[in-house]
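Below are some notes on the model, set out as numbered points. They cover strand pairing, one strand in detail, and a group of aromatic rings.

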Amino acid sequence: ISGGWPPARGEYLAAGHRPGVNIWRLATGTCIVSLKRHKFAVSQVAWSPNNKYLLSLGHPHDPSLIVWLWRKGYTTAVA
């Protein structure tokens, strides 16, 4: 499991899991978005400086890097 805090906000937490990323709203403790596209577990997550995008890196058996437009729940790029 990996986790990441968005810059300068503290409103959300992104946590990698198998096979995607969950975004939690800290004020309510609820999962607001579940992003699934990885084949296996997620090893790292990172927020863009403007909080608009989330990057997730798959586990070594799934070396894909995915850029998410996380509020909409879809990908903008996959490498």
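Which residue of E6 does Val 42 stand opposite? The points below start there; note that the model is a predicted one.

1. Val 42 faces Gly 58 of E6. The two strands concerned, E5 and E6, pair in the antiparallel sense, and the pairing runs over five bridges. Their hairpin has six residues between the strands, and within the hairpin Asn 51 takes a positive phi near 65°.

2. E6 also pairs with E7: the two run antiparallel and are joined by four bridges. Here Leu 57 stands opposite Leu 65 in E7. The connection from E6 to E7 is a hairpin of six residues.

3. Side chains alternate along E6. Leu 54, Ser 56 and Gly 58 point to one face and are buried, whereas Leu 55 and Leu 57 point to the other face and are not buried.

4. Ser 56 deserves a separate entry. The residue lies in strand E6, which spans residues 54–58. Its relative accessibility is 0%, so Ser 56 counts as buried, the cut-off being under 20%. The Ser 56 side chain makes a polar contact of 2.8 Å with the side chain of Trp 68. Setting aside neighbours within four places in sequence, Ser 56 is in contact with a list of residues including Val 21, His 38, Gln 44, Ser 64 and Ile 66. Val 42 and Leu 65, which came up in the strand pairings, are also among these contacts of Ser 56.

5. How many aromatic pairs does the count come to? The count comes to two. One of them is Tyr 12 with Trp 70, an edge-to-face pair at 5.0 Å centre to centre with 65° between the planes. Tyr 12 sits in strand E2 (residues 12–16) and Trp 70 in the loop between E7 (65–69) and E8 (74–78), so this pair ties together parts 58 residues apart in sequence. Tyr 12 and Trp 70 are both buried.

6. Trp 47 and Trp 70 form an edge-to-face pair too, with 5.2 Å centre to centre and 85° between the planes. This pair links distant parts of the chain, 23 residues apart: Trp 47 belongs to strand E5 (residues 42–47), and Trp 70 to the loop between E7 and E8.

7. Ring pairs thus link Tyr 12, Trp 47 and Trp 70 into a cluster. Trp 47 has 11% relative accessibility and therefore counts as buried. Trp 70 is buried, with a relative accessible area of 1%.

Terms used. Residues numbered from 1 in each chain as written. Predicted model: local features only at pLDDT ≥ 70, side-chain atom pairs only at ≥ 80, totals over all residues. Heavy atoms only, no water. Phe/Tyr/Trp six-rings, centres within 6.5 Å; stacked < 30°, edge-to-face > 60°. Buried < 20%, exposed > 50% of the residue type's maximum accessible area, 1.4 Å probe, protein only. Polar contact = N/O pair within 3.5 Å; in protein donor to acceptor, adjacent residues only side chain to side chain. Contact = heavy atoms within 4.5 Å. Pairing = 2+ DSSP bridges.
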